[in-house]
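User: Could you take a close look at one part of this model for me, namely the protein surface around the DNA? I'd like to see how the chains are arranged first, then who sits by each strand.

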4 protein chains.
Amino acid sequence: MMAAVMTERWDDTQPIYQQLRDHTVNRILAGELAEGEALPSVRQLAVELQINPITVSRAYQLLVDELLVEKRRGLGMFVMTGAREKLLNSEREQFLRHELPKTLERARQLGIDNAALLQHIKDSSE
Amino acid sequence: MMAAVMTERWDDTQPIYQQLRDHTVNRILAGELAEGEALPSVRQLAVELQINPITVSRAYQLLVDELLVEKRRGLGMFVMTGAREKLLNSEREQFLRHELPKTLERARQLGIDNAALLQHIKDSSE
Amino acid sequence: MMAAVMTERWDDTQPIYQQLRDHTVNRILAGELAEGEALPSVRQLAVELQINPITVSRAYQLLVDELLVEKRRGLGMFVMTGAREKLLNSEREQFLRHELPKTLERARQLGIDNAALLQHIKDSSE
Amino acid sequence: MMAAVMTERWDDTQPIYQQLRDHTVNRILAGELAEGEALPSVRQLAVELQINPITVSRAYQLLVDELLVEKRRGLGMFVMTGAREKLLNSEREQFLRHELPKTLERARQLGIDNAALLQHIKDSSE
DNA sequence: GTGGTCTAGACCACT
DNA sequence: GTGGTCTAGACCACA
């Protein structure tokens, strides 16, 4: 059941289709959507999430464009083979090269030294 | 000269006025704009950055609303006393409560463990 | 064995039944399917190509409608006498009146002059 | 006036937004839309072509994704610098490597020899 | 059953 | 003024 996963409600600062795309990527990363498995159908998901089918469609189209999902005509959308591996690599790369440095830069700018930072990381892992 | 600082072009994922507000906040944090100092005039900045004066106005208005900047009629906009201190507190709070946890959560999701994370932080501080 | 010929996977820009119809036409043109010869059975082909039997049926029906193939009840589908000749004429007509002019028009639009075009044709025929 | 250019009516075998994208590309190639020039606004074009603004929007989005057009917030869409050059290269490449060979292959398959082909090309250039 | 496309109309944010 | 997003509902092609 998808609704159970989609606990956080819509964000409103980001288009719904974008959030849905991100959410689906996260489900693939987490292994909840296995490779080769079918995504929930556009219509079904639209009903579940109380949104317009076209909005779901747009989210799915993004995934197709990223080669993470493939369309099988008349059958539905399926997670492509290798999608998880691909995502792990690209997202990790993206994180280490851009997200993390930006965060660290921000910390320095705010005068938060490494000691404080390390403390926070330790706290969070408990 | 501001143009020299604003090397990166507009972001397109965020309103220009918001980016300009953030950029100005960062200049205050960095001490480039000292307390009591005048901000560049709306008109001048608009020309420099090739944007609409109304957009600059909106950015400045945000700063006024945050009580970081004050308008002195006929004179211009000035960084308020205590602005930097105030910013350091609020932005640091924001960072530690939301930005950092989100980044750490992301790292965990991507399977980056604490050891790797700490290594990256050390590397970046050299 | 058909599967050996159908090396390229489905196109996705065109209906599968259409692609299968085209493919079969090409086999007739190439003489791989002789006149009077039986087409692979719907069921068998569906298994080989991993597609729905209904889809194969639709492709075959197109060929029947074009009078290229005839159904013999209880026996299967057979390439009609004169099918190859007929195809050569109709497809050639179609090619010379529509496909070729469109390609030439496209070349002109891209600034490829006749000299360059002729050169390419010579190269390809070696 | 755009309507004058869009003489051919809708194709019906291809989505309108795709046709509009192609048409716009051709206008850039032909130099009718100069680099730096604004595209007709989404609304205006929608009225002229009697289609839904969202359909125009989709066409324009394709062009943005291809880096042929840039969005300037609140101002409109503009042909990017270098777009024509880029198009000439990519489309010519595409044509010479795929479209032309496919056409020649087709000709050979239909038993049209080079002599006949050359004759047609000469005829078409008059 | 599946996804794709389009319409008509609304609302929003940005410049 | 600009484009972006979403809805509600319809129709189509495909398997």
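Analyst: Start with chain A, which the domain assignment splits into domain 1 (2-81) and domain 2 (84-124). Keep in mind that this is a predicted model. The C-alpha centres of those two domains of chain A are 27 Å apart.

Now for the copies. Chain B lands on chain A with an RMSD of 0.5 Å after a rotation of 177° and 0.2 Å of shift along the axis. The two copies are therefore related as by a two-fold rotation axis. They also meet through the same surface, because 100% of the interface residues of chain B are interface residues in chain A too.

Over at the other pairing, 24 residues of chain C are in contact with 24 residues of chain D. On the chain C side, α5 (83-109) and α6 (114-124) each give at least two residues, and α5(C) has the largest share with 13 residues. By class, that side of chain C divides into 13 nonpolar, seven polar and four charged residues.

Some chains don't touch at all. Chain A and chain D make no contact, with their nearest C-alpha atoms 11 Å apart. Chain B and chain C don't either, and there the closest C-alpha atoms lie 32 Å apart.

On to the part you asked about, taking DNA strand F to begin with. It is surrounded by 28 residues, and the closest are I16(A), N52(A), G74(A), P15(C) and S41(D). Elements giving two or more residues to this surface are α2 (16-30) and α4 (53-65) of chain A, α2 (16-29) and α4 (53-65) of chain C, and α3 (42-49), α4 (53-65) and β2 (76-79) of chain D. The largest share, four residues, comes from α4(D). Sorted by class, the surface near strand F has 14 nonpolar, eleven polar and three charged residues.

Then there's DNA strand E. Here 28 residues surround the strand, the closest being P15(B), I16(B), I16(D), N52(D) and G74(D). At least two residues each come from α3 (42-49), α4 and β2 (76-79) of chain A, from α2 (16-29) and α4 (53-65) of chain B, and from α2 (16-29) and α4 of chain D. On this strand α4(A) provides the largest share, four residues. The class count near strand E is 14 nonpolar, eleven polar and three charged.

So if you want one element to click on for each strand, try α4(D) for strand F, with its four residues, and α4(A) for strand E, also with four.

Technical notes
Residues numbered from 1 in each chain as written. Chains lettered and ligands numbered in written order. Predicted model: local features only at pLDDT ≥ 70, side-chain atom pairs only at ≥ 80, totals over all residues. Domains from an automatic or database assignment. Least-squares fit on C-alpha atoms with pLDDT ≥ 70 in both. Contact = placed C-beta atoms within 7 Å. Near = placed C-beta within 6 Å. Nonpolar A, V, L, I, M, F, W, Y, C, P; charged D, E, K, R; others polar.
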